[in-house]
Amino acid sequence: MERLLTYADAIREATEQEMERDASVILFGLGVDDFKAIFGTTKGLLERFGPDRVSDTPLAEEAMTGVAIGAALAGLRPVHVHARMDYLLVAMNQLVNEAAKLRYMSGGAVKVPIVVRATIGRSWGQGPTHSQGLHALLMHIPGLKVAAPSTPYDAKGLLIESIRDDNPVVFMEHRMLHYQKGHVPAEPYTVPFGKARHLAHGDDVTLVGISYMALECLRAARSLEEAGIRADVIDPVSLSPLDAETIVESVRKTGRLVAVDTSWTMCGATAEIAARVVERLPGRRVQVHRMGYAPVPCPTTKNLQDIYYPSVEQIAHAAYRQVRGEAGAWAPAALEAPEMVAFKGPF
């Protein structure tokens with residue numbers, strides 16, 4: 001019988017199973033002992049493993065990231081929970097100049113097996129400093145791995161892979177994904193870095209959705225079927241390393257790419273994806289369209305947020321224009337994602 005878990009429960013189960021398997025795995029971060037337990041992802045872990053292995057932290061992101069690095073150098077495998085990716089900026093020196101480089105600078109004598117969980121994405125009234133997806137900054141840094149799974153299955157498997165990895169990993173979670181349900185095996189398993197996942201198959205246009213945008217691209221693909229357009233939908237799953245070849249092979253077939261991000265397009269993940277596609281298809285005429293946040297800070301009101309973030313309708317429109325041209329009169333049905341309606345708060 002198929003076993004369904006939410007994305008949040010898949011993360012909690014992965015953490016619990018790795019802590020049971022390996023006594024060197026510890027968990028700490030802002031709110032891990034809160035009654036809402038970071039969307040439920042840390043629920044019951046304090047009671048199960050005790051305060052020596054599960055602990056809240058002060059509001060000191062740089063210092064606590066340093067603690068995570070020191071613990072990793074001493075032989076532990078810390079999972080450090082940041083409630084919001086925005087405040088990884090406070091810890092960038094620790095991540096970029098220490099965690100990402102210590103193994104290289106020591107000639108492999110030391111390793112830094114830390115996982116930094118970071119939440120991104122829209123929600124009610126979070127505004128300019130609590131909604132940012134800063135993964136492109138992290139993709140730029142050699143020595144850091146960046147994970148962005150969109151399904152419960154990949155969330156569990158890739159988190160286990162991240163905890164077992166001897167390199168620092170930033171594990172990106174979009175708020176809206178925590179409520180998604182999917183098939184998740186009960187036993188521990190791993191999902192590799194650098195392997196994208198095909199979510200739907202079609203010959204007309206390639207849709208690449210990063211994190212939550214993979215879900216929106218799937219919805220857009222279903223909408224496009226009404227217009228007789230079949231879309232290939234690809235979820236990169238990990239952003240660094242990035243499986244460009246799967247995307248390139250899809251665009252080789254379709255000749256069209258719509259890449260959709262949970263961040264701005266300027267120097268972003270979609271720019272990297274588009275560049276790799278064009279570089280690997282020399283002489284091939286390829287239509288490329290990138291989508292992401294509007295180029296301003298995130299607004300707080302819903303009517304402005306609806307314009308600010310890419311929507312299913314906007315994605316479907318962009319793909320339709322690529323396939324049928326500007327003259328088409330087709331319009332996708334309006335849709336508000338059910339997780340947006342159900343969302344009740346930041347944690």
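This tour moves through a predicted model, from a pair of packed helices to a sheet and the helix that lies against it.

Begin by selecting helix 1, residues 7-21, together with helix 8, residues 152-164, whose axes are 8 Å apart and meet at an angle of about 30 degrees. Since angles under 35 degrees count as roughly parallel, the two helices are therefore described as roughly parallel to each other. If you turn the view to look through the pair, helix 1 passes helix 8 in a right-handed crossing. Now show the side chains at this contact: helix 1 contributes Tyr-7, Ala-10, Ile-11, Glu-13, Ala-14, Thr-15, Gln-17, Glu-18 and Arg-21, while helix 8 contributes Pro-152, Ala-155, Lys-156, Leu-159, Ile-160, Ile-163 and Arg-164. Coloured by class, the residues of this contact divide into nine nonpolar, two polar and five charged.

Next, select the five strands that form an open sheet of mixed pairing, following them in the order 9-11-10-13-14. Strand 9 (197-200) and strand 14 (287-291) stand at the edges, and each has a single partner strand, so one side of each is left without a neighbour in the sheet. Viewed across the sheet, the twist from one strand to the next averages 20 degrees.

Stay at the strand 14 edge and add strand 13, residues 256-260, which pairs with strand 14 in the parallel sense over five bridges. Within this part of the sheet, Ala-259 stands opposite Arg-290 of strand 14. Finally, select helix 11, residues 269-280, which packs on the sheet and touches strand 10 (205-209), strand 13 and strand 14, with its direction making about 170 degrees with that of strand 14.

How values were computed: Residues are numbered from 1 along each chain as its sequence is written. This is a predicted model: local features need pLDDT of at least 70, side-chain atom pairs count only at pLDDT 80 or more; totals for chains, interfaces and linings use all residues. Side-chain values use heavy atoms; hydrogens and water are left out. Axes are lines fitted to C-alpha atoms, for helices over the stretch in contact, and angles run from 0 to 180 degrees between N-to-C directions. Helices (H or I, at least four residues) and strands (E, at least two) are DSSP runs, numbered from the N terminus. Angles under 35 degrees count as roughly parallel, over 145 as roughly antiparallel, 65 to 115 as roughly perpendicular and the rest as oblique. A crossing is left-handed if the near helix is turned anticlockwise from the far one by less than a right angle, and right-handed if clockwise. Contact means heavy atoms within 4.5 Å. Ala, Val, Leu, Ile, Met, Phe, Trp, Tyr, Cys and Pro count as nonpolar, Asp, Glu, Lys and Arg as charged, and the others, Gly among them, as polar. Two strands pair if DSSP finds at least two bridges between them.
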